[in-house]
Amino acid sequence: MVKKRVAVIGAGITLFRRRLQETGKELSHYAVEMALDSAEMTRDDIESVVMGTAPDAFDGIHMKAENLLDGAGGARKPYTRVFVGGGTGVFAPIGGWWHVASGLFDTCLVVAEEKMSPCYPHPQTAFRTIWDPIITRPLEPNLVWIFALEMQRYMQIHNIPKEHIAAIAVKNKGNALDHPSAQLAAKITVQDVLDSEVMVWPVQRLDISPPSDGAAAMILASEDVARKYTDDPVWLDGVGWSLDSAYWTNRDLYFPEYVATAARMAYKMAKIHNPRKEISLAEPYDPFDYKEAHHTEGLLLADKGGAPKLTVEGQTFRDGDQPICPSGGLLGVGNPIAAAGLMKCCECFWQLRNEAGKRQVPKAETAVAQAWGDLMQIGTVTVFRR
Amino acid sequence: MSEKFKEFPGTPLSSRDIKSGKVLTFKWRPNAKYAWTVGIAYGRFLEELKNGRIIGRKCRECSRVLVPPRMFCEQCFRPTDEWVFVKNTGRINTFSLSYLDADARRIKTPIPVAVIDLDGASPGIGILHKLGNVDPKRIHIGMRVRAVWKPAKQREGSITDIKYWEPI
């Protein structure tokens, strides 16, 4: 089925900030230039382009992939947008993988962009339009409600203390101190998280990632073409994705079954039999601290309810047995939605190339990145190997 | 970020930079309006809410009673078979206290919200709604609650015909 093995040969990323002066096109251009330069390629070497960008409502530009095209290097090329809400950033390289693994193209430029700042005073207002208009919107929900409901269910089913969840925010914001693009890197304590403003209980200010602007890019190539550009390719050996029912009040939210389905698909493709042993580092999606734990379990890297303890015990730190979010994650680096997911894939690439500098995880051989979105519906998973 | 990169592009701005006119901005407010038909399943559901009753659809293949109702079973992928009234009581599956309104503005008195598993529907079949007439400290998973309806004359065929759910 897979005609060609797919390599990652370059990546780039802008600053992540609450507001950036550049337009989405300009940010896309920055990220693409960096990725091309790092692979020693030009736009002429690129045969196809995949754009991942999430809700149009944040930028306020309907069908914004077309607006971004020129900055993303897509003009007069086969150009496709992929979009699965918060899962988009990891779905974009999956889309790129289709292009190359199918044998249709030898190179694919993957770009992810998000500008949340145009929607003011707060991008939350745009989220009002995602609800079922007939039976949910009249209740005037806030998007954070559903995460708070999920977090409560997860914590109560497993009897997880809030302190253990907060330890994840402490770790990720601390890890981000070593990430030059980071928006919210900070040395904080568990007590700081517990004392922070209550947003939607049990979600507090420091449990949650910020709105951000930013862009990222990654270059994929078929094996033979990759070898022409680099002696040190990283392989995209497994991809998986799955969506669960939109009737989310009819599902038990304590476990993200759709993430597990996506992970099993990706692991099978990458021939990973024992993920806990075989995966050197993981970048699960962490727009909230509990989500990192929830997704670590969905990725089958911890027992159900067992993930928060791994951080409390220090196993998920960069020098631990199971490093999780060595980048600093969305909690620390920031959350320009699609760009945040691709940032996680970029982190896997740099870790496996041994280029992560202060963030470097020792002996990184295999890495998994994951994103999540919609109404707690989608899991997108990529497995990288050196 | 790769340690090979020495410069990281992007020009950060504060909200003051925008308000003070340090950078130029262009503002526009959409004025799109929508009128949705409620469809077949929600049509009956809302009609029954107006009557002070909660109705679901049953799939005979998997035996699930589904609320909110749909004319198809997404698991068996076949048409659902019959209308079934469920009770206006249930059990809290999960809950939250919101200190943010729908636009993320801070509010002083939190809104208690919950997923309520309905008596008479299949296990784990719940709806999103608000809680009321309850001490926030007493709310817990598994708490028994009942629907508090608006007076019949004020009902309009909306999920808000149920004012809130209160402890039994």
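Let's begin where two chains meet: chain B and chain A bury about 5000 Å² between them, and 64% of that area lies on carbon and sulfur atoms. Keep in mind as we go that this is a predicted model. Why quote an area at all? The size of an interface is often given as the accessible area lost when the parts come together.

You can also describe this meeting place by its residues. On one side, 56 residues of chain B take part, and they are in contact with 57 residues of chain A. Two salt bridges are counted between the chains. You can look for one with Glu197(A) and Arg106(B), whose side chains meet in a salt bridge at 2.8 Å, N to O. Polar contacts also cross the interface of chain B and chain A, where 22 residue pairs are found with both partners at pLDDT 80 or more.

Which parts of chain B supply its side of the interface? At least two residues each come from helix H1 (15-19), helix H2 (39-50), strand S6 (89-100), strand S7 (106-118) and strand S8 (126-130) of chain B. The largest share, eight residues, belongs to S6(B). Sorted by character, the residues on the side of chain B that touches chain A comprise 31 nonpolar, 15 polar and ten charged ones.

Now let's move into chain A and follow helix H7, which covers residues 162-175. Here is a check you can do yourself: at 1.5 Å a residue, the 14 residues of this helix should span 20 Å, and because its end C-alpha atoms are 20 Å apart, the two values agree.

How enclosed is this helix? Ten of the 14 residues of H7(A) are buried, so the helix is largely enclosed by the rest of the structure. Among these buried residues are Ile165(A), Ala166(A), Ala167(A), Ile168(A) and Ala169(A), and also Lys162(A) and Lys171(A). As for their surroundings, the buried residues of H7(A) pack against several elements of chain A, including helix H6 (143-158), helix H8 (190-195), strand S6 (203-204) and helix H12 (289-298).

Our last stop is Leu177(A), in the loop between H7 and H8 of chain A. Is Leu177(A) buried, partly exposed or exposed? Its relative accessibility is 48%, and since partly exposed covers the range between 20% and 50%, Leu177(A) counts as partly exposed. Leaving aside residues up to four places away in sequence, Leu177(A) touches Ala185(A), Ala186(A) and Lys187(A). Lys268(A), by contrast, is 91 residues from Leu177(A) in sequence and 35 Å from it in space, C-alpha to C-alpha.

Technical notes. Residues are numbered from 1 along each chain as its sequence is written. Chains are lettered from A and ligands numbered from 1 in the order in which they are written. This is a predicted model: local features need pLDDT of at least 70, side-chain atom pairs count only at pLDDT 80 or more; totals for chains, interfaces and linings use all residues. Side-chain values use heavy atoms; hydrogens and water are left out. Helices (H or I, at least four residues) and strands (E, at least two) are DSSP runs, numbered from the N terminus. The expected span of a helix is 1.5 Å times one less than its number of residues. Buried means under 20% relative accessible area, exposed over 50%, partly exposed in between (1.4 Å probe, protein chains only). Contact means heavy atoms within 4.5 Å. Buried area is the accessible area (1.4 Å probe) that two parts lose on being put together, summed over both. A salt bridge is a side-chain nitrogen of Lys or Arg within 4 Å of a carboxyl oxygen of Asp or Glu. A polar contact is a pair of N or O atoms within 3.5 Å; within protein, one must be able to donate a hydrogen and the other to accept it, and residues adjacent in sequence count only if both atoms are side-chain atoms. Ala, Val, Leu, Ile, Met, Phe, Trp, Tyr, Cys and Pro count as nonpolar, Asp, Glu, Lys and Arg as charged, and the others, Gly among them, as polar.
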